[in-house]
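Biologist: I would like a close look at a single part of this model, namely the helix that the rest of the chain encloses, together with an account of the elements around it. Please take the surroundings one group at a time.

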Amino acid sequence: MKKIVKYSSIVILLIVLIIIIICFPQLYYFDNKLTYKNFNVYSDKPITPKIYLILDKVDILIKKSEIYDSTLQFKIFIRSDYSVHNALPWQFSNSAYAITRPIIRNIFISKGNLQSNVAYKISGGSRPLDEIIAHETVHVLIENKFKNDRAKFPEDWTKTGFLWKEEGYADYIARGSTLDINKVLSILQNKTDIKLSTYELEYFKYWFAVNYLFEKKKIKIKELMQSQISLDNILNDAMHEMNTHGTKSHPPK
Ligand SMILES: [Zn+2]
């Protein structure tokens, strides 16, 4: 009996330790910390002064959002190597540039270089780190404001498993798609054989639809999150509009 109690205590202690590290990875993994404005940055590499420029840019971008909340603090974990700091679940993504874990709201950048302002993903490809941080921060803003309206309707999920409104809005705030708009439109309309990765094409669609809804239809974030909207219908409308009026008035941000 004593043995059972002893082993149970060890297991419970281990579970508690794991939960603590999942919620507060900084206690175990990250030696370098910087607090600036509303951002708490943790890194496995020394944090260079370039971080101030990066965070200033993120700050400007996310303040454009109607749901910006100056009382929120953002926790950003930046790793320099894919192979480290991922022993436990609910931390870094194995495929994306970054991921924001709901509820505990930890933002994990899969691989980032502060000095060059670049974020990488394991399958290849890179994007500006400030845009990736801004994108992830918008997920926190959405959770903060629309906790009960995330995935409110079945149409909010795409067949590929993404919440298109949320991803599209995050890219809309974080400077838009990096893809050439005319090239992607030709792909969507089957006018070319060029192929993009599913991930890139999907995210372009979400950004394109949300950009159209905000810039052309002038909707507000509340309408986006709380209305039943078909992504396919919006894409058709947006493409029709683009074909009629051209792309000049819709430069990617
Ligand atoms: Zn996202």
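Modeller: What follows begins with the enclosed helix and then moves outward through the helices and strands of the chain.

The model is a predicted one, and the chain in question has eight helices and eight strands. Its C-alpha atoms fill a box of roughly 75 × 45 × 40 Å when the box is taken along the principal axes. Of the 253 residues in the chain, 29% are buried, and 67% of the contacts with a separation of 6 or more are accounted for by residues 24 or more positions apart.

Against that background, the helix to look at is α4, which spans residues 164–173 and has 10 of its 10 residues buried, so it is largely enclosed by the rest of the structure. A residue is called buried here if 20 or more other C-beta atoms lie within 10 Å of its own. The buried residues of α4 include the aromatic residues Trp164, Tyr169 and Tyr172, and among them are also Lys165, Glu166, Glu167 and Asp171. Gly168, Ala170 and Ile173 complete the buried set of α4. Just beyond the helix, α4 is followed by arginine 175, whose phi is positive, near 85°.

As to what provides the cover, the buried residues of α4 are covered by elements that include α2 (50–63), α3 (129–145), α6 (198–215), α7 (221–226) and α8 (231–245). Two of these covering helices, α6 and α8, also pack on each other, with axes that come within 9 Å and cross at roughly 70°. With that angle, α6 and α8 are therefore roughly perpendicular to each other, and their crossing is left-handed. On the α6 side the contact is made by Lys205, Phe208, Ala209, Tyr212 and Leu213, while α8 contributes Leu231, Ile234, Leu235, Asp237, Ala238 and Glu241.

A further covering helix, α3, leads to a sheet, since α3 lies across β6, β7 and β8 and runs at about 80° to β8. That sheet is an open one of three strands in the order β6-β7-β8, with antiparallel pairing. Its edge strands are β6 (111–113) and β8 (126–128), each of which pairs on one side only. Neighbouring strands of this sheet are turned by 25° against each other on average, direction ignored. Strand β7, residues 118–120, is joined to β8 by three bridges in the antiparallel sense, and valine 118 has proline 128 as its bridge partner in β8.

The remaining covering helix to follow is α2, which belongs with β2 and β3 to a left-handed β-α-β unit. The two strands of that unit, β2 (residues 39–43) and β3, pair in the parallel sense over five bridges. Within this pairing, the partner of valine 41 in β3 is isoleucine 76, and the partner of serine 43 in β3 is isoleucine 78. Strand β3 itself, residues 74–78, is mostly covered, with four of its five residues buried. β3 is also joined to strand β5, residues 106–109, by four bridges that run parallel, and here isoleucine 78 is partnered by isoleucine 109 in β5. Isoleucine 78 of β3 thus appears in two pairings, with serine 43 and with isoleucine 109.

β2 has a further pairing, with strand β1 (residues 32–36), in the antiparallel sense and over five bridges. In that pairing, asparagine 32 has serine 43 of β2 as its bridge partner. β1 and β2 form a hairpin with two residues between them, and lysine 37 in the turn has a positive phi of about 50°.

For contrast with the buried residues of α4, consider isoleucine 18, which has its place in helix α1 (residues 2–23). With 14 C-beta neighbours inside 10 Å, isoleucine 18 counts as partly exposed. Isoleucine 18 and arginine 105 are 87 residues apart in sequence and 17 Å apart in space, C-alpha to C-alpha.

To return to the part you asked about, α4 is largely enclosed by the rest of the structure, and the elements covering its buried residues include α2, α3, α6, α7 and α8.

Notes
Residues are numbered from 1 along each chain as its sequence is written. This is a predicted model: local features need pLDDT of at least 70, side-chain atom pairs count only at pLDDT 80 or more; totals for chains, interfaces and linings use all residues. A residue is buried if 20 or more other C-beta atoms lie within 10 Å of its own, exposed if 12 or fewer, and partly exposed in between; C-beta atoms are placed from the backbone. Two residues are in contact if their C-beta atoms, placed from the backbone, lie within 7 Å. Two strands pair if DSSP finds at least two bridges between them. Axes are lines fitted to C-alpha atoms, for helices over the stretch in contact, and angles run from 0 to 180 degrees between N-to-C directions. A crossover is right-handed if, with the strands pointing away from the viewer, the path from the first strand over the helix to the second runs clockwise. Angles under 35 degrees count as roughly parallel, over 145 as roughly antiparallel, 65 to 115 as roughly perpendicular and the rest as oblique. A crossing is left-handed if the near helix is turned anticlockwise from the far one by less than a right angle, and right-handed if clockwise.
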